[in-house]
Amino acid sequence: MLLIDCPFCGVRPELEFVYGGQAHVARPHDPAGCSDEQWAEFLYWRENGKGVHAERWRHIHGCGQFFNALRDTTNDHFLATYRVGEPPPAAALERAAGLSK
């Protein structure tokens with residue numbers, strides 16, 4: 001079973017979490033002023049590359065909090081988890097850069 005380290009509760013089994021999409025996607029400041037194309041891009045356009053990916057997760061069967069994670073999609077390993085609003089941990093980004101070489 002995959003274990004995920006919730007930044008609020010600690011390590012828990014994968015079954016307690018739900019994937020929430022790509023992390024660090026900023027909502028437009030003026031949604032009413034967006035064109036249909038800009039709004040569609042915000043809603044639907046996401047990166048879907050192979051390798052390390054910043055994702056949003058929610059601990060639904062625990063604290064209920066959202067958090068961000070760096071996960072390698074090639075092997076499903078979590079490199080780091082961190083609270084929403086915080087930058088990704090530098091050490092995890094360095095490891096991710098080493099994996100992409």
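Helices, here runs of H or I in DSSP covering at least four residues, and strands, runs of E covering at least two, are numbered from the N terminus. By that reckoning the protein chain of this predicted model contains two helices and six strands. Followed from the N terminus on, these elements run β-β-β-α-β-β-β-α.

The overall dimensions can be read from the C-alpha atoms of the protein chain, which, taken along the principal axes, fill a box of roughly 45 × 35 × 20 Å. Among contacts in the protein chain with a separation of 6 or more, 43% are made by residues 24 or more positions apart.

Turning to the surface, the protein chain has 101 residues, of which 28% count as buried. Its accessible surface comes to about 6800 Å², and carbon and sulfur atoms account for 52% of that area. As for charge, the protein chain carries 10 positive and 13 negative side chains, the centres of the two sets lying 5 Å apart.

The cysteines deserve a separate look. A disulfide is a covalent bond between the sulfur atoms of two cysteines. The structure holds zero disulfides, and cysteine 6 is accordingly in none, the nearest cysteine sulfur, that of cysteine 63, being 3.8 Å away. Because a pair of cysteine sulfur atoms must lie within 2.5 Å to count as a disulfide, the 3.8 Å between the sulfurs of cysteine 6 and cysteine 63 does not qualify. Is cysteine 6 buried or exposed? Cysteine 6 counts as buried, because its relative accessibility is 2%, where the cut-off for burial is under 20%.

Key. Residues numbered from 1 in each chain as written. Predicted model: local features only at pLDDT ≥ 70, side-chain atom pairs only at ≥ 80, totals over all residues. Heavy atoms only, no water. Buried < 20%, exposed > 50% of the residue type's maximum accessible area, 1.4 Å probe, protein only. Contact = heavy atoms within 4.5 Å. Areas by Shrake-Rupley, 256 points an atom, 1.4 Å probe, with all protein chains shown as cover. Lys, Arg positive; Asp, Glu negative; His and termini not counted. Charge placed at Lys NZ, Arg CZ, Asp CG, Glu CD.
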